[in-house]
Structures are given as C-alpha cells and as structure tokens.
Amino acid sequence: RDVAIIGAPFKKGQRLAGVEQGPRVMREAGLIEKIRELGHNVEDRGDLNFEVFKDDPRNYVLNPKAVGAATKKVSAAVEQAVRDNKLTVTLGGDHSISIGTIHGHAQAEPNLCLLWIDAHADINTPLTTPSGNIHGTPLSFLVNQLKDTIPWTALSPFDWLKPCLNITDIAFVGLRDLDPGERYILQKFNITSFSIHEVDRYGIHEVIARSLDAVNPKGDRPIHMSFDIDSVDPAVTGATGTPVPGGLTFREGMFIAEHVYRTGLLSALDLVEVNPEVGSRQDKANTVMTAVEVLTACLGKKREG
Ligand SMILES: N[C@@]1(C(=O)O)CN(C[C@@H]2CCCCN2)C[C@@H]1CCC[B-](O)(O)O
Ligand SMILES: [Mn+2]
Ligand SMILES: [Mn+2]
Ligand SMILES: [Mn+2]
C-alpha cells in the first residue's frame, strides 16, 4: 500500500519537555527504511510546523490556543493524506494530536472505528480534567455524546472542530489508570473497554478480537488505531510522560499490531507519547525500539517471518 508519514512534534497537550522529539528519534531509528523494506511505497511528508503562542493562560485547559491551532493543522494534513489514498501514520508528540488525526481521518472516512490502546482513557472533559493537560481529554472533543460537556465558546481555538465520532465506535485496550470523571463516562455510556485486568483474564487475542467485533462487527469499517506507547509496561517503555506500572508486554503490543494489520482495514495510525528525555538512556533505547517495532508490525512485519 501507499503509506504517508506525518511528524507531529507537539508537546503543548502536557507539561513535560521532550515529547516533541518523538518524530525525530523514531526516524533516527530507521522507521522509514524499515517500512520501505516491507514493500510499501512510503512518502515521508516531514514534520508539521506548529505556531508558538505566549501568555496562553489556563482556560479550563492549558495552552488552548497552541493545541487548537496545532490540531487544526494535524487534521488538515491527515485528511489530505487519507484522501490521497495513503495509509496515514502520524508520529507524536503528545496524545492531544489525536484530536486532529481522528478529526481529519473522519472527514475522509466518516465510517471509521477507533481502537484506543492506552493506559489511560483520555476522555476527561475540560471540566473533569484533574491536570488541565489536553492530552488527557482528546476524546471528549471528538465524541458526539459529549458535545455538550465542552465549553466551546470559552475554547474558541477549537471553533473549527466538529465532533465526528460515536462513543459506540470506540474500543479501549490497556486501561489501568482512570480518573473518576472518566470512570463515570465509561460506565454511563457502557463504552467497550478492556483494561489490563481483562487482558490478564481473557488473553490479548481474545481482547483484540472482542474489541474489533464490538466496533467493526461486519469488518467493513476503516480502522483508526491510536497507540499510546504508555499502554506498554514502563519496564519496556519507560521513556514516556505518564508511566503506569503493569502494562502490556512487548509481545502483547506486537500481537495487537499484527492482528490489526491482518484485518486489512487499518486506515490511519497514531504513535504517541514517546519522550526521549524521560528516564534512562536504556529506557529511551527500549521505548524507541518498541515504538518502531509496533509501527512496522502494524504495516505487515511478521514475527513468524
Ligand atoms: N487522566 C490523566 C489526565 O491528566 O487527564 C491523569 N493521569 C495522571 C494521574 C497521575 C496520578 C494518578 C492518576 N493519574 C494522566 C492522565 C492523562 C494521560 C494522557 B496520555 O495521553 O498519556 O494517555
Ligand atoms: Mn501503492
Ligand atoms: Mn496514556
Ligand atoms: Mn494517551
């Protein structure tokens, strides 16, 4: 297939420096060449340039101007790549970029379904977020059923954004750190979610199969997978901003990627929250390696050769 790579070196959805280095370190690890070796026609569309804003005081959330502008750019870039019939891979950057990747993908593929692989649900609203970090809230901006929880007039930098997802289109895998407001939303809407507890109970194959069965029962919907590297255990991927013990093994992460590839329906993919400035040198090496391996597995690399 034709593959487009978009770099989104963005950090304003959270507070730590370094996550904007994600695209650079994944490229330096040979990501593009490794995808080419799979036989894909890969177009590296480079890194998006994000406007810098100063004196952006907290308005329910931090950096609304920076995040609103950046995600608008991400949306346009992803929409264009999907319309160009590319399997579109966006490299983060923090998880707030997925406001843009999912919105853009949905403009070209309104019938998409979403796999959210993450230790966190990232479904706080601007009123429930404990941190004010938008990387913990992207889904609340995107979901029709949560439209009225967003103070749109106060958050004018997001006036370009229209909710484009039904909550029933989402399946979570890897959850193990939820805030009260998120737990309430997950229960209220009975959202498909498989925490690490369910991964332990059913095994990863059953979990990913049930996730796909829930959001794509007829196997006729384009898949958006948003892969937060912190879904994997911090012993493997410690170079990330919000690590939570007891995550997916390397093998479970790879299995998810291989299984989703085999559907033949993967249409857009985010790999986010790699922060090479967090943890040890070994953490950085392991985290970047894992990110690259998961990405190439999403694009057809098989462990069985
Ligand atoms: N829900 C959170 C939010 O800030 O909204 C709170 N949490 C950190 C907090 C630390 C203390 C124990 C409870 N959890 C991080 C998460 C966002 C993660 C964003 B992601 O993109 O990395 O998933
Ligand atoms: Mn082609
Ligand atoms: Mn996370
Ligand atoms: Mn996340």
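Hi everyone, let's begin at Asn85, which sits just after helix 3 and takes a positive phi of about 65 degrees. Please keep in mind that this is a predicted model.

Now step back into helix 3 itself. How far apart should the ends of helix 3 be? It has 20 residues, numbers 64-83, and at 1.5 Å a residue these should span 28 Å; the end C-alpha atoms are 28 Å apart, so the expected span and the model agree. Many of you will want to colour its buried residues on screen: they include Pro64, Ala66, Val67, Gly68 and Ala70, and further along you will find Val74, Val78 and Val82 among them. And what covers those buried residues? Among the covering elements are strand 1 (2-8), strand 2 (41-47) and strand 3 (87-92), and helix 4 (98-108) and strand 8 (266-272) are also included.

Let's move on to the metals. Start with the manganese ion that is ligand 4. Which residues hold ligand 4? Its protein donors are His95 through ND1, and Asp118, Asp122 and Asp228 through OD atoms, lying 2.1 to 2.2 Å from the ion. If you follow the donor residues along the sequence, the spacing reads H-x22-D-x3-D-x105-D. His95 belongs to the loop between strand 3 and helix 4, while Asp118 belongs to the loop between strand 4 (113-117) and helix 5 (138-142), so this pair ties together parts that are 23 residues apart in sequence. Both His95 and Asp118 are buried. As for geometry, the six donor atoms of ligand 4 make angles of 61 to 171 degrees, and the site is irregular.

For a point of reference, ideal angles at a metal with six octahedral donors are 90 or 180 degrees.

Next to it is a second manganese ion, ligand 3. What links the two ions? Asp118 does: it bridges ligand 3 and ligand 4, which lie 3.3 Å apart. Ligand 3 is coordinated by Asp118, His120, Asp228 and Asp230, at 2.1 to 2.5 Å. Look out for Asp230, which appears twice in the list of donors, each time through an OD atom. Here the spacing along the chain is D-x1-H-x107-D-x1-D. Why is the arrangement around ligand 3 called irregular? Its six donor atoms subtend angles of 57 to 169 degrees, and that spread makes it irregular. Like the pair we met a moment ago, Asp228 and Asp230 are both buried.

Those two aspartates also bring us to ligand 1. An oxygen atom of ligand 1 is 2.9 Å from a side-chain N or O atom of Asp228, and for Asp230 the corresponding distance is 3.0 Å. Glu273 joins in too, with a side-chain N or O atom 3.2 Å from an oxygen of ligand 1. There are 16 residues around ligand 1, and Asp122, Ser131, Asp177, Asp179 and Asp228 come nearest.

One residue along from Asp230, take a look at Ser231. Is Ser231 buried or exposed? It is buried, because its relative accessible area is 0%, and buried means under 20%. Ser231 lies in the loop between strand 7 (223-228) and helix 9 (250-263). Leaving aside neighbours within four places in sequence, its contacts are Ile117, Asp118, Ala119, Arg176, Gly247 and Leu248.

That loop leads us to helix 9, our last stop. Helix 9 has 14 residues and reaches 21 Å from first C-alpha to last, close to the expected 20 Å. Its buried residues include Met254, Ile256 and Val260. Just after helix 9 comes Gly264, with a positive phi of about 70 degrees. Thanks for listening!

Terms used
Residues numbered from 1 in each chain as written. Chains lettered and ligands numbered in written order. Predicted model: local features only at pLDDT ≥ 70, side-chain atom pairs only at ≥ 80, totals over all residues. Heavy atoms only, no water. Donors = N, O, S within 2.8 Å, 3.2 Å for Na, K, Ca; no water. Tetrahedral: all angles 85-135°; square planar, octahedral: opposite > 155°, others 65-115°. Buried < 20%, exposed > 50% of the residue type's maximum accessible area, 1.4 Å probe, protein only. Helix = DSSP H or I, 4+ residues; strand = E, 2+ residues; numbered from the N terminus. Expected span 1.5 Å × (residues − 1). Contact = heavy atoms within 4.5 Å. Near = heavy atom within 4 Å. Polar contact = N/O pair within 3.5 Å; in protein donor to acceptor, adjacent residues only side chain to side chain.
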